[in-house]
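Dear colleague,

Here is the structure I promised to pass on, and below it you will find notes on its aromatic rings and on a patch at its surface. Please read them with the model open beside you.

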Amino acid sequence: MAKPAVVVVGADKGGVGKTTVSRTLLDYFSANNVPTRAFDTEHPRGTLKRFHPEITEIVDMNSTPDQMKIFDTLSAVAPSVTVIDVRAGLMSPTLAALRDIGFLDAARSGQITFAVFHILGSSIASLDEIAETASYMVGAKYFLVKNFINNTSFFEWDQSTYASYFNRIKDATELTIPKLNEMAYEQVEVASVPFLKFVANKGPHDEAANYSFVLRGYVRHWLANVWSEYDRIKLTDIVGSAAKAAAPRQAGEK
């Protein structure tokens with residue numbers, strides 16, 4: 001059985017588009033035939049589950065039984081990749097819990113592949129999060145994600161200040177999620193389907209839909225740009241997937 005991989009997506013600050021990034025990851029793994037399951041920690045009402053109900057379960061990360069539901073089953077379930085969408089304010093407590101249960105030690109010793117997608121806001125507070133997170137990142141693949149989906153502006157960061165935080169974590173990698181046309185984003189929200197299904201003009205149960213051709217085009221173009229970032233960091237290799245696309249696939253194609 002392939003070594004299990006856990007991908008944590010989160011930030012302590014709210015409103016930075018964490019769930020949007022989780023949704024693009026689930027679509028990316030689906031398009032690359034990587035078996036994946038997801039946990040939505042926005043308990044009791046999850047947002048990720050609304051878009052990916054078949055593979056997503058809502059959990060309370062502060063609950064020991066729910067922690068067991070995630071981590072005791074890593075090697076016992078078919079999906080080799082587990083994506084955990086961490087709600088606002090829970091990033092640091094979640095990483096502390098992973099330390100306390102021995103998960104970080106298991107990742108450090110190579111038993112588990114651990115990747116963190118840390119979604120940054122534009123404020124210095126987000127940079128302070130990097131300093132807090134640094135101590136947990138030994139043995140992890142750490143990605144600092146600048147997410148422009150909410151019109152976030154990063155230009156006010158002093159570059160030397162940013163570098164002083166960024167350099168605290170060895171082998172940290174930057175990713176950029178571009179902005180999606182606002183009308184297109186709203187239409188996907190209303191449709192409550194994965195980005196892939198929206199592009200393919202399908203409803204929640206794969207029934208034919210009637211979404212705007214123009215807005216589907218915007219989503220397709222945006223998703224392709226996001227996926228190019230995941231291709232750049234060789235994400236399928238990181239999670240240990242042997243599945244490879246037979247040819248360069250486009251957003252909306254499997």
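Y230 counts as buried, at 1% relative accessibility, where buried means under 20% relative accessible area, exposed over 50% and partly exposed in between (1.4 Å probe, protein chains only). This is a predicted model, in which local features need pLDDT of at least 70 and side-chain atom pairs count only at pLDDT 80 or more, while totals for chains, interfaces and linings use all residues. Residues are numbered from 1 along each chain as its sequence is written, and side-chain values use heavy atoms, with hydrogens and water left out.

Y230 forms an aromatic pair with F117 (ring centres of Phe, Tyr or Trp, the last by its six-membered ring, within 6.5 Å; planes under 30 degrees apart are stacked, over 60 edge-to-face, the rest tilted), and this pair is edge-to-face, with 6.2 Å centre to centre and 90° between the planes. Because F117 lies in strand β5 (residues 113-120) and Y230 in helix α10 (residues 213-232), the pair ties together parts that are 113 residues apart in sequence; helices (H or I, at least four residues) and strands (E, at least two) are DSSP runs, numbered from the N terminus. F117 is also buried, with a relative accessible area of 0%. Ring pairs link both residues with Y28, F29, F143 and W227 into a cluster, and the count of aromatic pairs comes to nine.

V214, which also lies in helix α10, is by contrast exposed, with a relative accessible area of 51%.

With regards
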